[in-house]
Amino acid sequence: MEPIRPPQNIAIIGAGIAGIACALAISQELSPFVPNLKITVYERHDILSTSGGAINLTPVAQRHLARLGVLDELDRMGTEGGADVDAIELFSMRSGRAIGSIKFTDNQGKGFGGYKGRRVMRIALSVAMLTVVERAPNVEIVFGKKVIDGEEFEDRAVVRFQDGTEAVGDLIIGCDGVHSAVRTRFVDVGRSAEYTGLSFLQATIDSDSISSPAHFRTSSLNISRHGSMLASYCDRDSEQIFVAAIVQFSREALTRYRLEPGQDWATQNKIRCALRAEVRDRFGKCAIPCIKEIIESKADWMLYPVYQVRPGGRWCLNRVILLGDAAHAMPPRDESAAYALDDAILFSRILSTYRSEPLTEVFDAYEKLRRNTINHAFKESRRMWARNRDMGFLEGKVKEWMMSFHLRSNESSREAAWEFDATKIALPTPAPSEDIVSLSSFLRDRTL
Ligand SMILES: Cc1cc2nc3c(=O)[nH]c(=O)nc-3n(C[C@H](O)[C@H](O)[C@H](O)COP(=O)(O)OP(=O)(O)OC[C@H]3O[C@@H](n4cnc5c(N)ncnc54)[C@H](O)[C@@H]3O)c2cc1C
């Protein structure tokens with residue numbers, strides 16, 4: 001009987017956080033065992049997307065990015081490599097009062113495992129990740145390849161692109177985000193993302209255009225009964241403030257406020273003015289001078305509807321698996337990118353440990369390790385997001401009070417989460433099977 005060989009030709013769909021991290025982690029894990037390893041990442045955009053604003057990286061996400069070599073690249077960028085975040089401070093927009101904080105440092109002011117939080121523009125993170133990929137000898141990225149569907153055979157899987165070409169792999173990994181075509185057209189046909197009813201209104205503002213002093217050190221979340229507004233520096237020199245309002249928006253409003261390429265100037269201007277008015281209507285009574293100034297500024301707000309993918313569906317076939325938001329997009333919170341990175345690291349480790357086992361066993365071991373954690377994280381995210389829906393005056397006051405209580409009572413579990421390290425957790429060992437080849441690989445690994 002032919003021995004089972006680890007995959008040699010791997011196609012990853014999507015060059016986002018999960019896709020690139022997965023390519024780098026598999027390259028690190030499998031290269032010593034697979035001399036002709038070839039990993040190709042297919043991305044639908046022709047060039048890196050500059051949209052999306054800034055993202056907060058937790059200590060967990062930073063630790064992973066450091067191991068993959070991405071953090072060094074971010075640091076080399078200087079001020080654009082992002083702002084260190086010791087804590088996200090929470091304030092009441094109604095009274096201006098401080099409510100509490102989400103800390104990324106311990107009692108001595110040190111980061112967890114050496115890492116704090118970091119707020120960085122998405123484009124800077126993508127550039128840093130691509131720079132590391134360029135140095136990886138067995139990873140290639142191909143842009144302008146939008147997957148439209150795929151098919152599986154006994155010994156290979158195929159994805160087809162909109163331009164009429166196709167890619168073949170021993171293993172295909174769908175990292176194509178919340179609206180994943182690999183999921184909806186291939187792995188779990190029809191399982192579309194659902195709109196959560198909440199959206200982000202985001203803008204980036206020059207700090208020196210705001211005359212009121214900032215009420216926060218690096219990052220703030222300002223709470224009101226009409227949603228919350230995040231305001232955070234996103235560069236080391238504090239020259240830019242990234243602002244994101246989390247608000248309830250009906251599905252009909254989404255179509256009214258969508259900025260599309262090809263729209264004439266007048267239509268785009270009308271949408272921009274309407275979005276400014278939405279921000280003023282909801283948060284105009286803010287008692288914090290710097291936030292009030294931002295609300296009244298001529299900021300160019302962009303609307304990002306928030307979608308989710310319930311994690312209960314199918315994650316894999318026989319040669320295809322979904323990771324990151326493609327498998328389980330949760331209403332975003334500061335940990336979301338860390339979950340995508342954990343997925344990539346854990347899957348790569350299992351793929352290497354189970355390299356002499358069939359892919360179905362690799363997928364099985366991965367799901368067993370991951371499902372419960374993801375289900376739990378998804379429920380937590382939903383609970384957190386429910387606090388951003390519109391509410392009455394009294395309910396809003398209760399929310400502020402509860403928030404302060406919630407922050408204090410969850411402090412130790414948050415700190416434990418910052419310590420979580422996907423590179424260290426024990427993996428289940430491949431089970432001995434009746435198959436003589438699998439058994440010998442099991443015995444060999446045990447004696448190593
Ligand atoms: C508004 C907003 C704010 C957020 N803020 C934070 C935050 O502060 N902190 C945090 O940790 N998380 C945050 N998140 C969540 C975080 O962005 C995601 O969890 C993370 O990006 C998931 O990574 P991913 O690689 O799975 O998906 P993505 O980052 O979405 O990457 C998917 C990639 O696949 C490509 N692609 C899509 N379809 C196809 C196709 N058909 N063919 C080929 N390629 C395709 C896309 O172009 C993209 O490059 C936020 C999310 C949103 C929407």
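How many residues of domain 1 are in contact with how many residues of domain 2? In this predicted model, the count comes to 24 residues of domain 1 touching 22 residues of domain 2. Two elements, α1 and α10, each give two or more residues to the side of domain 1 that touches domain 2. Of these, α10 supplies the largest share, with six residues. By residue type, that side of domain 1 breaks down into 16 nonpolar, seven charged and just one polar.

As for where the domains run, the assignment for the protein chain puts residues 1–47, 143–193 and 309–390 in domain 1, while domain 2 takes in 53–122, 196–308 and 391–422. Their C-alpha centres sit 28 Å apart.

Now to the ligand. Both domain 1 and domain 2 give residues to the shell around the ligand, so the ligand lies between them. That shell is made up of 33 residues, and the closest are Gly14, Gly16, Gly177, Gly324 and Ala337. Elements giving two or more residues to it are α1 (17–30), β3 (54–57), β17 (302–308), α9 (325–328) and α10 (336–353). Once again α10 comes up with the largest share, this time four residues. Sorted by type, the shell holds 17 nonpolar residues, along with eight polar and eight charged ones.

Since α10 features in both settings, its own geometry is worth a look. The helix has 18 residues and covers 26 Å from its first C-alpha to its last, close to the 26 Å expected at 1.5 Å a residue. Of those 18 residues, 17 are buried, so α10 is largely enclosed by the rest of the structure.

Helix α1 gives a similar kind of readout. Its 14 residues reach 20 Å between the first and last C-alpha, close to the expected 20 Å at 1.5 Å a residue. This helix is mostly covered too, with 13 of its 14 residues buried. One residue to pick out is Gly19, which is found in α1. With 27 other C-beta atoms within 10 Å, against a cut-off of 20 or more, Gly19 counts as buried. Leaving aside residues up to four places away in sequence, Gly19 touches Ile12, Gly14, Val41 and Cys175; Gly14 is also one of the residues closest to the ligand. A long way along the chain, Ala344 is 325 residues from Gly19 in sequence, yet their C-alpha atoms are 7.7 Å apart in space.

What about α7 (residues 265–283)? At 1.5 Å a residue, its 19 residues should span 27 Å, and the end C-alpha atoms are indeed 27 Å apart, which agrees. The buried residues of α7 are Leu275, Glu278, Val279, Arg282 and Phe283. Viewed down the helix axis, these buried residues fall within an arc of 95 degrees, so they line one face of α7. Turned away from that buried side is a face carrying the exposed residues Trp265, Ala266, Asn269, Cys273, Ala277 and Asp281. On the covered side, the elements lying over the buried residues of α7 include the strands β13 (194–206), β14 (219–224), β15 (227–233), β16 (240–248) and β17, together with helix α8 (289–296). Of these, β17 also gives two or more residues to the shell around the ligand.

Technical notes. Residues are numbered from 1 along each chain as its sequence is written. This is a predicted model: local features need pLDDT of at least 70, side-chain atom pairs count only at pLDDT 80 or more; totals for chains, interfaces and linings use all residues. A residue is near a molecule or strand if its C-beta atom, placed from the backbone, lies within 6 Å of it. Ala, Val, Leu, Ile, Met, Phe, Trp, Tyr, Cys and Pro count as nonpolar, Asp, Glu, Lys and Arg as charged, and the others, Gly among them, as polar. Domain bounds come from an automatic or database domain assignment. The expected span of a helix is 1.5 Å times one less than its number of residues. A residue is buried if 20 or more other C-beta atoms lie within 10 Å of its own, exposed if 12 or fewer, and partly exposed in between; C-beta atoms are placed from the backbone. The arc is that of the directions from the helix axis to the C-beta atoms. Two residues are in contact if their C-beta atoms, placed from the backbone, lie within 7 Å.
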